[in-house]
Amino acid sequence: MSCPISSHWTFRTDLDVWTLSDTSIEALISLIINMKNKEYKFHLEKYHGPGSRHKCPKCGDRSSFVLYVDDNGIPIDNNVGRCNHESSCGYHYAPSQYFKDNCMEPKDSPFRHLKDVQVNKTIVNAALAPSFIDASLVINSLSQNSTFVDFLKRLIKDDDLVNHLCMAYQLGATSMREVIFWEIDYNLRIRTGKIMNYDMITGKRDKTGKGINWIHAKWKGRIGVPKDFNLKQCLFGEHLLNLFPLNPVAVVESEKTAIIGFSLFPEYIWVATGGKSNTDIIKMKVLKDRKVILFPDVDGYKKWLENAKTYDFCTVTVSDALEKYADEEDKRDKIDIADVFIEIYKEKNKAK
């Protein structure tokens, strides 16, 4: 990689990384467990532009459906809401009915049952509740014994900072030294875990083995993972939005990029979509009322720019740095902003 970009940007590399030390592993574990008993109130989302209206599951109108959201503006499910065409359609799927249909009780769910509302019984089962993994599996997996953390230590050369990063993102490890990137949502519920292996020298994903695996698929039916698991992913690092409610947010594609970005610029909360196309409005609405900057990979700028036009629930900027400054070699290699960050660390290490 020729990395022309770093010569065009001025990065602060002297930031106070100790801002993460206020949050301990014990505090995160306590929050995860205690959130199981938290109660939530839901209401129909107020109109704040076209992005706050959606396709109705019944009549198909693309701008008539209003979602039920919690006090943080997070939707319950993309089928839980009311159609504005009350006479011609009449679709209304209330939160209370959703929880009842999916056999969710207050003691098992972080949601609160609301007053029952009658709905059309022929369509209420269109929505399935997301499944959650027991927090004990995350706690038991916490480990730095992975090739990915080996790479971080070689790159960053600051064990205290690496400890903070592992703690903040709750990194786990398998017996095969694969890293587990746990997806923990805003309300600190565990959606799944992504299992990956990395080259400890280059930091590139090791594609010679079994590739990507998932906790919900690998451990389905075991204690803590329901047999009928219904996957609904969230942003990687989303739980940090809850812990740091005032910080601006940087959105990237890969988990590796989010972690390295956080190590250099901890005044931002770094989250990852996990894929180029995982930027739908439902998932991104967790960023409501935040200042957000998107860092697409070099081959994802146009798509993310188009998607960002629909994000009228937050203040969003799309970085065009890679688009402007990447050369042909960079584009062939499909670089992302992590490649720039790695070059910064290499230059710092040379200076030392």
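The following legends describe close-up views of a predicted model.

**View 1. Strands β1, β2 and β3 form an open sheet.**
The strand order is β1-β2-β3, and the pairing is antiparallel. β1 and β3 stand at the edges with a single partner strand each, so one side of each has no neighbour in the sheet. Strand β1 covers residues 43-44 and is joined to β2 by 2 bridges. Within this pairing, L44 has Y68 of β2 as its bridge partner. On the β3 side (residues 81-83), 3 bridges make the connection to β2. Here F65 is the bridge partner of C83 in β3.

**View 2. Strand β2 is mostly covered.**
The strand spans residues 65-69, and 5 of its 5 residues are buried. In a regular strand the side chains alternate between the two faces of the sheet. In β2, F65, L67 and V69 lie on one side, while V66 and Y68 lie on the other. Both faces are covered, and these residues are all buried. Two of the buried residues also appear in the bridge pairs of View 1: Y68 is the partner of L44, and F65 is the partner of C83.

**View 3. The largest pocket has a volume of about 910 Å³.**
Its lining consists of 34 residues. Those nearest the centre of the pocket are K204, R205, K256, D336 and D339. By class, the lining holds 17 charged, 11 nonpolar and 6 polar residues. At least two lining residues come from each of α4 (147-156), β6 (190-196), α8 (255-264) and α13 (337-351). Helix α13 gives the most, with 6 residues.

**View 4. Helix α13 contributes to the pocket lining and has buried residues.**
The helix has 15 residues and reaches 22 Å from its first C-alpha to its last, close to the 21 Å expected at 1.5 Å a residue. An α-helix has 3.6 residues a turn, so residues three or four places apart point the same way. The buried residues of α13 are I337, A338, D339, V340, F341, I342, I344, Y345 and N349. D339 is thus named in two views: as one of the buried residues of α13, and as one of the residues nearest the centre of the largest pocket.

**View 5. Several helices and strands cover the buried residues of α13.**
Among the covering helices are α4, α5 (159-168), α8 and α11 (321-325). The covering strands include β8 (249-252) and β9 (269-272). Helices α4 and α8 also supply residues to the lining of the largest pocket.

Key. Residues numbered from 1 in each chain as written. Predicted model: local features only at pLDDT ≥ 70, side-chain atom pairs only at ≥ 80, totals over all residues. Heavy atoms only, no water. Buried < 20%, exposed > 50% of the residue type's maximum accessible area, 1.4 Å probe, protein only. Helix = DSSP H or I, 4+ residues; strand = E, 2+ residues; numbered from the N terminus. Pairing = 2+ DSSP bridges. 1 Å grid on protein atoms, 1.4 Å probe; cavity = no way out; pocket = protein on both sides within 12 Å on 5 of 7 lines; lining within 4 Å. Points joined across faces, edges and corners; volume = space filled by probe spheres on them. Nonpolar A, V, L, I, M, F, W, Y, C, P; charged D, E, K, R; others polar. Expected span 1.5 Å × (residues − 1). Contact = heavy atoms within 4.5 Å.
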